[in-house]
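Colleague: Got a minute to walk through this one with me? Let's have it on screen and start with one of the helices.

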Amino acid sequence: MKLLLDVGNSRIKWALADGRGLQPMQAAAYSREQFSSWCNDHLTALPVPDAVRVANVAGDTIAGALDQWCHEHWRLIPEYAITAREAGGVRNGYDNISEMGIDRWLAMVGGPAARVQSPCVS
């Protein structure tokens, strides 16, 4: 089972994915100052996942805190999605591909826009 996390600047959405598919998504607000408490309140009730996959727009401080929490509680290090030059038939047109937010990149690669042969965003 994989834990999928979408870490925004003020809310986190998460769902578990297993062999049967994606379980219902959940969401909750968090504060940067109380991030470990948020993890304790929301993640400890979950079954221990095999992997943690993350889309993170909240920055390195939150990523580091999540890394530490997951390692201490589950002996796992999360895997973070990153933008690429190309994926899933979509080409990233940014000169500096890391400037595109991972949330936008994943939406384009995973969404219906990835199935057409024209620009998703121009």
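**Around helix H2**

Colleague: Which exposed residues sit on the face of H2 turned away from its buried side?

Modeller: H2 is a DSSP run (helices are H or I, at least four residues; strands are E, at least two; both are numbered from the N terminus). Exposed means over 50% relative accessible area, buried under 20%, and partly exposed in between, with a 1.4 Å probe and protein chains only. The face away from the buried side carries Asp60 and Thr61.

Colleague: And which residues of H2 are buried?

Modeller: A caveat: this is a predicted model, so local features need pLDDT of at least 70 and side-chain atom pairs pLDDT 80 or more, while totals for chains, interfaces and linings use all residues. Numbering runs from 1 along each chain as its sequence is written, and side-chain values use heavy atoms, leaving out hydrogens and water. The buried ones in H2 are Ile62, Ala63, Leu66, Trp69, Cys70 and Trp74.

Colleague: Within what arc do those buried residues fall, seen down the axis of H2?

Modeller: The arc is taken from the directions that run from the helix axis to the C-beta atoms. The buried residues line one face of H2, because they fall within an arc of 130°.

Colleague: What do they pack against?

Modeller: Contact here means heavy atoms within 4.5 Å. By that rule, the buried residues of H2 pack against strand S1 (2-7), helix H1 (35-42), strand S5 (51-56) and strand S6 (79-80).

Colleague: How far apart are the end C-alpha atoms of H2?

Modeller: The expected span is 1.5 Å times one less than the number of residues. For the 15 residues of H2 (residues 60-74) that comes to 21 Å. The model agrees, with the end C-alpha atoms apart by 20 Å.

Colleague: At what angle do H1 and H2 pack?

Modeller: Phe35, Ser36, Cys39 and Asn40 in H1 meet Ile62, Ala65, Leu66, Trp69 and His73 in H2. Axes are lines fitted to C-alpha atoms, for helices over the stretch in contact, and angles run from 0 to 180 degrees between N-to-C directions. The two axes are 10 Å apart, and the angle is about 45°.

Colleague: What relative accessibility does Arg75 have?

Modeller: Arg75 is in the loop between H2 and S6. Just after H2, Arg75 takes a positive phi of about 60°, in a residue other than glycine. Arg75 counts as exposed because its relative accessibility is 60%.
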